[in-house]
Amino acid sequence: MAAWCNVSAFLIVLSLIATDSPTPSAAWYKDMASIRKAAAEVKTLEASFVQTRTLKILKRPLVSRGILAYRRPNDLRWEYQSPLAALLVVRKGNAQRLLKRGTEWVSDSSAKLEAMKIVLGEINLWLDGNFGASKTFRPELRPATKDRPTHVDLIPIDPSLGKIVSRIAIVFGEQPGTVGAIDIYEQGEGVTHIAFENVRHGHAIPDERFEAPR
Amino acid sequence: MKPSIVGAGAGAVLLLVLTASCAHLPALAPIPGTTRAAVASQCKRAFPTQPWRATHTIVATLPFGANGALLGVTAVSPEGLRAILLSPEGIRLFEGLQKHAGSGGLTILRAVSPFDRSDFAPSLMADVGHAFLQPAGEPSEIGKDVAGATVCRWTLPSHEATEVVLGASGPSQIRTFRNLRLTRQIELLDSPKDGFFPHVRLTVPGAGGYTLDMQLVDHE
């Protein structure tokens, strides 16, 4: 059985980027330039997240929990703590994906890290709030409605990616420099909702947070 | 007429095929003082009562030191066996439906590369089916195997067999065979809850073999 897929590695990184990109405030909701300017103010960020996946065949959604850390310009940690223990760390542009087998962290060697590096190049644009320069997604800023706060929809440009993810919605948080949630939509089968909690930013984060556990 | 080398080789192959097709797993020794029905009932506890839905984490140990982590959602209903693989981020990478025997075959509803390989879907559905679905009917043999363990054996078409091995406190292992060759070993670990074992470890032996460690997350 082939157990891993570079697409999933790709998407986890997308989630990371999206988390860090926009810095919300009523002043910048109006256009991409304001988003870009606000995003540049975010130097570090840590948060916990709850990921809820709905599926038609499940009465109860599948809930995953984890933590996120980011340090400008491109150090990342995206860690699932339950039910799976899986970790992506990016330090100075070098990405490592690991999973926990028993009590031991082992390399997820099928994660196609070269592909991830390509994506990380794309991500840096987003970290700058520069959605418009993306070659993978077409951004569309959606003003708030009575049902939905202001958010950016990221629409895959490549139709083959669109078959996997129809769009990603980045919903801005109330606190400046944060994102409240990310919704990943699939054609015809539910949505993955990632909600961020306990967001802190602007504090020092040690190097070890962005390195593989020893 | 002098037989050719090729003819002799073909004969040897034919003999091997016939031998394999006629061969059987070693007979199980009778177990004195137990009823067949009682042992069969215990063996059937290896499998959850249908219908059911379950979610597992899956940690795969693959050939050449590769590892991977996934979420698996499986369901058995009157329509058949449905299996979904999700990435940790919740992206649906594979979905297949194996209809019950006599009502159709395998339908692949979604397969993202590399899960779109032609041999992947049948292999996955076979893994899930052997781990969680009781073979049809009653065991064809019940007894002690050569190691002294109590075993229920279902002999299936296509020279396949499934065995459930009983430990001190119930089912401990499922083994599948094809033409006498062990094709899967499924360890049932920890105490079952509502018919589900918290940890199931499936091992496919051989050069291209792999191990799937499946931890139960939820079941309905």
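Reader: Two strands pair if DSSP finds at least two bridges between them. With that settled, how many bridges join β3(A) to β4(A)?

Author: Five, in this predicted model. Strand β3 of chain A covers residues 75–82, and strand β4 of chain A covers 86–91. The two run antiparallel.

Reader: Which residue stands opposite A:Y80 there?

Author: A:A86, in β4(A).

Reader: Zoom out. How many strands form the open sheet in chain A?

Author: 11 strands. Their order is β6-β5-β4-β3-β2-β1-β11-β10-β9-β8-β7, with antiparallel pairing.

Reader: Which ones are the edge strands?

Author: β6 (104–107) and β7 (137–142) of chain A. Each of them pairs on one side only.

Reader: And how are neighbouring strands turned against each other?

Author: By 20° on average, ignoring direction.

Reader: Switch to chain B. Is strand β2 covered or open?

Author: Mostly covered. β2(B) spans residues 67–77, and 10 of its 11 residues are buried.

Reader: What does β2(B) pair with on the β1(B) side, and over how many bridges?

Author: Strand β1 of chain B, residues 52–61, pairs with β2(B) over 10 bridges in the antiparallel sense. One spot to look at is B:I58, which stands opposite B:L70 in β2(B).

Reader: What's in the turn of that hairpin?

Author: Five residues lie between β1(B) and β2(B). B:F64 in this hairpin takes a positive phi near 65°.

Reader: How about β3(B)? In which sense does it pair with β2(B)?

Author: Antiparallel, over seven bridges. Strand β3 of chain B covers residues 80–86. β2(B) and β3(B) also make a hairpin, with two residues between them.

Reader: Which residue of β3(B) is the bridge partner of B:L71?

Author: B:L86.

Reader: General point. Where do the side chains of a strand go?

Author: In a regular strand they alternate between the two faces of the sheet.

Reader: Now the contact between the chains. How many residues does it take from each?

Author: Chain B gives 37 residues and chain A gives 36.

Reader: Which elements of chain B supply at least two residues to that side?

Author: β1, β2, β3, β4 (92–99), α3 (120–132) and β12 (210–219) of chain B each do.

Reader: Which gives the most?

Author: β2(B), with seven residues. That is the strand with 10 of 11 residues buried.

Reader: What classes of residue make up that side of chain B?

Author: The side of chain B that touches chain A has 22 nonpolar residues, eight polar and seven charged.

Technical notes. Residues numbered from 1 in each chain as written. Chains lettered and ligands numbered in written order. Predicted model: local features only at pLDDT ≥ 70, side-chain atom pairs only at ≥ 80, totals over all residues. Buried ≥ 20, exposed ≤ 12 C-beta atoms within 10 Å, placed from the backbone. Helix = DSSP H or I, 4+ residues; strand = E, 2+ residues; numbered from the N terminus. Contact = placed C-beta atoms within 7 Å. Nonpolar A, V, L, I, M, F, W, Y, C, P; charged D, E, K, R; others polar. Axes fitted to C-alpha atoms, helices over the stretch in contact; angles between N-to-C directions.
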